Amino acid sequence: MKIILLGPPGAGKGTQAKSISVKYCIPHISTGDIFRKNISEKTPLGVKAKNYIDAGLLVPDELTIDLVKDRLSKEDCKNGYLLDGFPRTVKQAEALDEFLNGRQESIDTALLIEVPRELILERMTGRRVCLACGASYHIKFNPPKNEGKCDSCGGELIQRKDDNKETVLDRLTVYDKQTQPLVKYYKSKNKLSIVDGALAIDKVFENVCSILGEQ
Ligand code: AP5
Ligand code: MG
Ligand code: ZN
């Protein structure tokens with residue numbers, strides 16, 4: 001199963017991805033997590049990506065596309081994968097299609113998690129993420145069992161640098177301009193499914209599973 005998760009910052013892509021990846025036994029590939037790991041390890045990619053991410057801008061396509069192609073070529077992607085945060089521009093979507101066509105493969109579903117704007121700021125400013133495994137929590141909507149510690153791996157929970165109000169607003173503008181056109185792109189290919197992301201986390205997951213089907 002090859003799935004793309006679409007949706008604005010704070011829609012719940014990362015939150016749903018963790019559960020989908022476990023239920024359907026497919027790797028969760030988040031370009032945001034990959035960039036953040038590279039930033040924390042100060043790799044050459046991390047150094048290049050940092051200023052874009054901190055400013056709420058997209059990392060250039062030429063850095064992002066090859067990174068994903070390499071990742072999708074790994075052994076654990078043989079039976080499918082879940083892409084979270086990629087593609088994010090029409091150019092990335094076309095590059096992905098070209099890559100998959102070359103392997104006689106295609107995406108099964110691009111799943112759009114829709115959330116009204118007024119919910120997003122509260123979600124983002126209350127979010128805490130695990131430095132080690134990328135899991136997302138929320139101080140009110142999804143608190144960890146032990147404050148400051150990740151339920152799944154015990155890692156330290158931190159607040160993302162781009163989760164302040166100003167940067168979130170910039171990220172939303174970037175989403176509208178550069179990523180929103182992908183909704184039309186996948187719709188025209190009959191690949192688009194939509195789920196209501198304003199519901200509680202468990203309810204969203206239930207609806208996601210009914211779209212993806214039982215395995
Ligand atoms: P990325 O890490 O992908 O960030 P994003 O798309 O802005 O999305 P978020 O991770 O902020 O939101 P989410 O939808 O995952 O929400 P979450 O589940 O955590 O990208 C970061 C940056 O990296 C980009 O700005 C860009 O610079 C760069 N980048 C990444 N990919 C790129 C690409 N392909 N090309 C170029 N640049 C790229 O949930 C949010 C909060 O809400 C959490 O606190 C959660 O607990 C809570 N929550 C979730 N669901 C619910 C619910 N149903 N009810 C109540 N609360 C909920
Ligand atoms: Mg995320
Ligand atoms: Zn963790």
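In this predicted model, Ile113 has Val195 in strand E8 as its bridge partner. The two strands concerned, E4 and E8, pair in the parallel sense, and five bridges hold that pairing. On E4, five of the six residues are buried, so the strand is mostly covered.

## The five-stranded sheet

E4 and E8 belong to an open sheet of five strands, whose order is E2-E3-E1-E4-E8 and whose pairing is parallel. Strand E2 (28-30) and strand E8 (192-196) are the edge strands, each pairing on one side only. Direction ignored, neighbouring strands of this sheet are turned by 25° against each other on average. As background, the strands of a sheet pair through backbone hydrogen bonds, and the pairing is either parallel or antiparallel.

Strand E1 (residues 2-6) runs parallel to strand E4 (residues 109-114), and four bridges join them. Along this pairing, Leu5 stands opposite Leu111 in E4, and Leu6 stands opposite Leu112 in E4.

What lies across E1, E4 and E8? Helix H9 (residues 201-212) does, and the helix runs at about 160° to E8.

## The three-stranded sheet

A further open sheet has three strands in the order E6-E5-E7, and here the pairing is antiparallel. E6 and E7 are at the edges with a single partner strand each, which means that one side of each has no neighbour in the sheet. Three bridges connect E5 and E6, which pair in the antiparallel sense. One of the residues involved is Arg127, whose bridge partner in E6 is His138.

## The zinc site

Which residues are the protein donors of the zinc ion (ligand 3)? They are Cys130, Cys133, Cys150 and Cys153, each through its SG atom, at 2.3 to 2.4 Å from the ion. Along the chain, these donors follow the spacing C-x2-C-x16-C-x2-C. Cys133 and Cys153 are a pair that links distant parts of the chain, 20 residues apart. Cys133 is in the loop between strand E5 (127-130) and strand E6 (136-138), while Cys153 is in the loop between E6 and strand E7 (157-158).

Why is the arrangement around the zinc ion (ligand 3) tetrahedral? The four donor atoms subtend angles of 97 to 117°. Four donors count as tetrahedral if all angles lie between 85 and 135 degrees, so the arrangement fits that class.

The table gives the relative accessible area of each donor residue.

| Donor residue | Relative accessible area | Class |
|---|---|---|
| Cys130 | 4% | buried |
| Cys133 | 28% | partly exposed |
| Cys150 | 4% | buried |
| Cys153 | 41% | partly exposed |

The classes follow from two cut-offs, because buried means under 20% and exposed means over 50%, with partly exposed in between. Cys130, at 4%, therefore counts as buried, and Cys150 is also buried at 4%. Cys133, at 28%, falls in the class between the cut-offs, as does Cys153 at 41%.

A disulfide is a covalent bond between the sulfur atoms of two cysteines. How many disulfides does a search of the whole structure find? The search finds zero.

## Local backbone features

The peptide bond from Phe86 to Pro87 is cis, and its omega is near -5°. Pro87 is placed in the loop between strand E3 (81-84) and helix H5 (90-101).

Lys42 is not a glycine, yet its phi is positive, at about 55°. Lys42 sits in the loop between helix H2 (31-40) and helix H3 (44-54). Is Lys42 buried or exposed? Its relative accessible area is 68%, so Lys42 is exposed.

Asn190 also has a positive phi, of about 60°, although it is not a glycine. The loop that holds Asn190 lies between helix H8 (181-188) and E8. Asn190 has a relative accessibility of 73% and therefore counts as exposed.

## A buried asparagine in H2

Asn38 lies in helix H2. With a relative accessible area of 16%, Asn38 is buried, because this value is under 20%. Which residues is Asn38 in contact with, leaving aside its neighbours within four places in sequence? They are Thr43, Leu45 and Gly46.

Note on methods: Residues numbered from 1 in each chain as written. Chains lettered and ligands numbered in written order. Predicted model: local features only at pLDDT ≥ 70, side-chain atom pairs only at ≥ 80, totals over all residues. Heavy atoms only, no water. Donors = N, O, S within 2.8 Å, 3.2 Å for Na, K, Ca; no water. Tetrahedral: all angles 85-135°; square planar, octahedral: opposite > 155°, others 65-115°. Buried < 20%, exposed > 50% of the residue type's maximum accessible area, 1.4 Å probe, protein only. Pairing = 2+ DSSP bridges. Axes fitted to C-alpha atoms, helices over the stretch in contact; angles between N-to-C directions. Contact = heavy atoms within 4.5 Å. Disulfide = S-S within 2.5 Å.
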